[in-house]
Amino acid sequence: ANFLITHPVGADKLEVKLKSNKPDICDQKVTVSLVEGKNIVDSIELENNDWKVAAFKLNKSEKSRIRHFKLVTDPCWSPKDFGSPEDDRNIGIGVSYIEAK
């Protein structure tokens with residue numbers, strides 16, 4: 001997931017409400033990394049299929065600016081690996097909202 005967001009002065013975290021529907025997430029956690037350019041800014045782990053509000057850490061900004069981030073999921077999963085052989089999509093996470101605070 002790629003997105004642009006305004007990073008206001010003083011904001012030191014990025015709140016993201018997200019979830020994974022990976023069928024075996026209880027056995028294999030899903031890591032979600034916040035990436036800017038080629039750098040991982042912060043990472044969190046999802047341990048179940050419930051919605052989670054994650055607070056990714058940011059360095060405080062001295063001026064308001066637009067930033068470009070990606071959310072990278074490891075692992076992605078495919079329905080073909082869980083009983084749907086015709087469905088070879090790679091699925092990561094669902095995102096409900098993103099806010100710099």
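These are my notebook entries on a predicted model, covering its overall fold, one hairpin, a histidine, the aromatic pairs and the salt bridges.

**Entry 1: the overall picture**

I started with the secondary structure. The protein chain has seven strands and zero helices. Reading along the sequence, I get β-β-β-β-β-β-β.

Next I looked up the dimensions. Along the principal axes, the C-alpha atoms of the protein chain fill a box of roughly 50 × 20 × 20 Å.

Then burial: the protein chain has 101 residues, and 34% of them count as buried. The exposed surface of the protein chain comes to about 6300 Å², with carbon and sulfur atoms supplying 44% of it.

I also checked how far contacts reach along the sequence. Taking contacts in the protein chain between residues at least 6 apart, 70% join residues at least 24 apart.

**Entry 2: the S3–S4 hairpin**

How do S3 and S4 pair, parallel or antiparallel? They run in the antiparallel sense, and I count seven bridges between them. As one position to click on, I noted Ser33, which stands opposite Ser43 in S4.

The two strands form a hairpin with two residues between them. Gly37 sits in that turn, and its phi is positive, at about 65°.

**Entry 3: His7**

I picked His7 next. It belongs to strand S1, which covers residues 2–7. Is His7 buried or exposed? Its relative accessibility is 1%, and the cut-off for buried is under 20%, so His7 counts as buried.

What does the side chain of His7 make a polar contact with? The partner is the side chain of Arg67, at 2.7 Å.

I then listed what else His7 touches, leaving out residues up to four places away in sequence. The list runs Leu58, Asn59, Ser61, Lys63, Ser64, Arg65, Arg67 and Ala100. Arg67 therefore turns up in both lookups, as a polar partner and as a touching residue.

**Entry 4: aromatic pairs**

I searched the whole structure for aromatic pairs and got two. Phe3 and Phe69 make a tilted pair, 5.8 Å centre to centre with 35° between the planes. Phe3 is in strand S1 and Phe69 is in strand S6 (residues 65–74), so this pair ties together parts that are 66 residues apart in sequence. Both rings belong to buried residues: Phe3 has 11% relative accessibility, and Phe69 has 1%.

Trp77 and Phe82 also pair up. Why is this pair edge-to-face? Their ring centres are 5.7 Å apart and the planes stand at 80°; anything over 60 degrees is edge-to-face, so that is the label they get. Burial splits this pair: Trp77 is buried at 10%, whereas Phe82 is partly exposed at 36%.

**Entry 5: salt bridges**

How many salt bridges does the structure hold? The answer is seven, and I wrote up some of them.

Lys22 bridges to Asp24, with the closest N and O atoms 2.4 Å apart. I looked up burial on each side here. Lys22 counts as buried, at 2% relative accessibility, while Asp24 is partly exposed at 23%.

Lys29 came up twice. In one bridge, its side chain meets that of Glu45 at 3.8 Å, N to O. This pair links distant parts of the chain, 16 residues apart: Lys29 is in the loop between strand S2 (13–19) and strand S3 (30–36), and Glu45 is in strand S4 (residues 39–46). Lys29 is partly exposed at 41%, and Glu45 is partly exposed at 40%.

In the other bridge I noted, Lys29 meets Glu47 at 3.7 Å, N to O. Glu47 lies in the loop between S4 and strand S5 (52–57), and Lys29 in the loop between S2 and S3, so the pair ties together parts that are 18 residues apart in sequence. Glu47 is partly exposed too, with a relative accessible area of 47%.

Last thing I wrote down: Lys13, Glu15 and Lys101 are joined into one network by salt bridges that share partners.

Methods
Residues numbered from 1 in each chain as written. Heavy atoms only, no water. Helix = DSSP H or I, 4+ residues; strand = E, 2+ residues; numbered from the N terminus. Buried < 20%, exposed > 50% of the residue type's maximum accessible area, 1.4 Å probe, protein only. Polar contact = N/O pair within 3.5 Å; in protein donor to acceptor, adjacent residues only side chain to side chain. Contact = heavy atoms within 4.5 Å. Phe/Tyr/Trp six-rings, centres within 6.5 Å; stacked < 30°, edge-to-face > 60°. Salt bridge = Lys/Arg side-chain N within 4 Å of Asp/Glu carboxyl O. Pairing = 2+ DSSP bridges. Areas by Shrake-Rupley, 256 points an atom, 1.4 Å probe, with all protein chains shown as cover.
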